[in-house]
Amino acid sequence: MMGAADLARPGWPRTRLPMSLRLLLLASLAVPLGFLLGAAWYDHHRLHAQAHADLTRLSAIAREHALKVVETNALVLDHMADRIRGLSWDEVEARGQDIHRWLHGLDDGLAQISSLHLVRPDGQVAALSIAWPTPPLSIAGRAHFRRLREGERGLVFGEPMLARLTGIVTFAIARRRVSADGQFDGVLLGSVLPGYFQAQWHAMDPEGQASFALLRTDGQVLASHPSAGNGLFDPPEPGTVPEAVRHPSNTGPAIERFGERREWLTAFRQVGEYPLVVSVTLSLDQIRAQWLTNTAWTATFCLTVALALGFTTWLAIRRWRSEQAVLFRLSQSRDELRAEIVRREAAEAGLFQAQRLESLGRLTGGVAHDFNNLLTAILGTVHLLERHLGGADERTRKYLGMARDAVQRGARLNASLLAFARQQRLHAASLDANELVRGFAPLIQRALGEAARLVVEADPDLPPCRADAAQLEAALLNLAINARDAMPRGGTVTLSTRTAWLEEERLAGNSDAKPGLYVALVLRDTGTGMPPEVQERAFEPFFTTKPLGKGTGLGLSQVFGFIRQLGGHVAIGSAPGEGTTVTLFLPAAAEAPAQEPGPSSVVPDRFRSVARATVLLVEDDGRVREVAAETLRDAGFRVIAVPDAPEALALLQGREAFDLLFSDIVMPGGMTGIELAQQARHLRPLLPVLLATGYAGLAEGPADHGFEVLAKPYDQAALVRRIAELVMDRQQVA
């Protein structure tokens, strides 16, 4: 049914539904709904109030009944004490038959007592109401006897147990007998039937809606209804005993909720001044079920009324609505079609951009891998030349140094390519973006120069974020340099932090990020800005609008790859003459920022202790294999070099002894270096393994596969030192 709000949408004719019909339509829904809510609230309040009243009433009756039973037993024990007052236990036994008859007559008149006992100080039963002659029974091991013997005063209530003569479950109510000089002189005891309480509780609640229990204040259950099992109860766990049982109040009931879903309502009352508590429990699930049943009947009635009123209103506006609905549907379909066209075009554009950048990322990652192999071979060759040409002239050493510097610059360029390809090695951790920005601001100001002014605006309530601090500083520096170049006459750069919540629509085309909370670092300049065609290609590697020789075009691509690899998002907004704003969205971190680690220790040189150790070198690139093998041989190692994993595995399956396996990760032949290392560990469990790769994304340490990884291009001295350390460690273990 269409309401007045639907009829007022844009695109409809000016004719409006009459006020009387709109009010009738509103009343057909509001009146039954209001009645239903009011009736449900009232019934819910009534049922819970009734439950509290029933608990109060039942617990009061149960308390009075329990108090009557206890006081009756106390009087019986007083009669027993009077009967044997002044008699020694030998005299009691001498008059045993008379005392037995007297106890038997006293027992017969009380339905709640199954037997009465007179117990000597040593625990032997001297007289028993249900048997003559008195059988040889001892209760010295019973807990209630020990408590009385150890000095406890007043009535003591024992645990439920199976009587040895009758086979009936009873619990004891006992009192100590005191000699003329105040010393312990035996026990007067009555065995009480839990069934007597159960019969009374059943009469109080014949429908069985409540549960009853008689407990000691230490939580020990003496009787319960409905009864479960054989009527014997295990001692309670001290931590599970409710406070209302351990410290009961005799002023009124303590009503509490229990259960994982708090589905039980229980009232506790202390039995007089005795260490006893009666509990009465009602199931709130039953009350809730009754409330749902009543509400369902009320809802049925309200629904019938609502349908009747709604049908009447519908008949009145049927003709008018049918004409207007056709026009409205046509207008709505047109608007939805236009919106869908706009959404599809935006999604296609975002997907195209994401696919293009992803393709470039895969290309640059592959190129970087091969480039790293070349750099490794060149760097190794330079180191070997420096070592073998130690006496070379100054000019030769200068050229070698220039070659080494060129390799290092190539490694940095390669790192930028890997950053765009999202294959760089990140040390992501929780950090305070405000603290990083404040500490890095002086360096950014120096990069901007004197003509530009840096303004830092930090959000004081910023949560921690996950990022690699060094890479984040490099990204901010790249953005600052771009901002400086965009402001040839100077200007203002604003670096601010804030929190942001990114929805799925905002992350269209970014499969690395997920909707949620982010920490945003915003760098805004007052420079020349970018036209749309430049802005679309801003994150592509080697794309730059700067003059030849003024930039590599890798700054923004490094920022793009770094943020995407973290699972974040980067956005750029610009227009000619209006400056540029770049926003880095970093995932928020749940944990606090980690403390800065202390300085690492330097590993001592231990080459001499591992001389002539045998290294199995596996490298598919012939130049890298030759340089690495020559470097290790020059350091004193015995090297066996092979081009692929199957050939290395064949050697490991033979009898040749190896002290270490050094392998590239990405190799031809159907087996990677990681798989080779796993097979090697299976064949030779103690063999040290060191892996190398030009893919920085694979050089993340032993967290995933358990093997140490060295990133290419690696320093030859560092390679030799690490292999020596691993071999040394193995020799110490062996």
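The expected span of a helix is 1.5 Å times one less than its number of residues. I begin with that rule because the opening element of this talk, in what is a predicted model, can be tested against it. Helix α2 comprises 65 residues, 19-83, and should therefore span 96 Å. The distance between its end C-alpha atoms is 94 Å, which agrees. Helix α2 nevertheless has a kink of about 30°, centred on Ala-27.

I turn next to strand β11, residues 276-283. How many of the eight residues of β11 are buried? Eight of the eight are, so the strand is largely enclosed by the rest of the structure. In a regular strand the side chains alternate between the two faces of the sheet. In β11, Leu-276, Val-278, Val-280 and Leu-282 point one way, while Val-277, Ser-279, Thr-281 and Ser-283 point the other way; all are buried.

Which strands pair with β11? Strand β7, residues 210-216, runs antiparallel to β11 and is paired with it over seven bridges; here Arg-216 lies opposite Leu-276. Strand β10, residues 264-270, is also antiparallel to β11 and is joined to it by seven bridges, with Trp-264 as the bridge partner of Ser-283. Strands β10 and β11 form a hairpin with five residues between them. In that turn, Gly-272 has a positive phi of about 55°.

The last region is an open sheet of five strands with parallel pairing, in the order β20-β19-β21-β22-β23. The edges are held by β20 (638-642) and β23 (708-711); each has a single partner strand, so one side of each is left without a neighbour in the sheet. On average, and ignoring direction, neighbouring strands of this sheet are turned by 20° against each other. Within the sheet, β21 (residues 660-664) and β22 (residues 689-693) pair in the parallel sense over four bridges, and Phe-662 stands opposite Leu-690 of β22.

Helix α15, residues 645-653, packs on this sheet and touches β19 (614-618) and β20. The direction of α15 makes about 155° with that of β19.

How is α15 placed relative to helix α16, residues 673-683? Their axes come within 10 Å and cross at roughly 5°. Since angles under 35 degrees count as roughly parallel, α15 is roughly parallel to α16. On the α15 side, the residues that meet α16 are Ala-645, Ala-648, Leu-649, Leu-652 and Gln-653. Their counterparts in α16 are Leu-676, Gln-679, Ala-680 and Leu-683.

Note on methods. Residues are numbered from 1 along each chain as its sequence is written. This is a predicted model: local features need pLDDT of at least 70, side-chain atom pairs count only at pLDDT 80 or more; totals for chains, interfaces and linings use all residues. Side-chain values use heavy atoms; hydrogens and water are left out. Two strands pair if DSSP finds at least two bridges between them. Helices (H or I, at least four residues) and strands (E, at least two) are DSSP runs, numbered from the N terminus. Axes are lines fitted to C-alpha atoms, for helices over the stretch in contact, and angles run from 0 to 180 degrees between N-to-C directions. Contact means heavy atoms within 4.5 Å. Buried means under 20% relative accessible area, exposed over 50%, partly exposed in between (1.4 Å probe, protein chains only). The bend at a residue is the angle between axes fitted to the seven residues ending there and the seven starting there. Angles under 35 degrees count as roughly parallel, over 145 as roughly antiparallel, 65 to 115 as roughly perpendicular and the rest as oblique.
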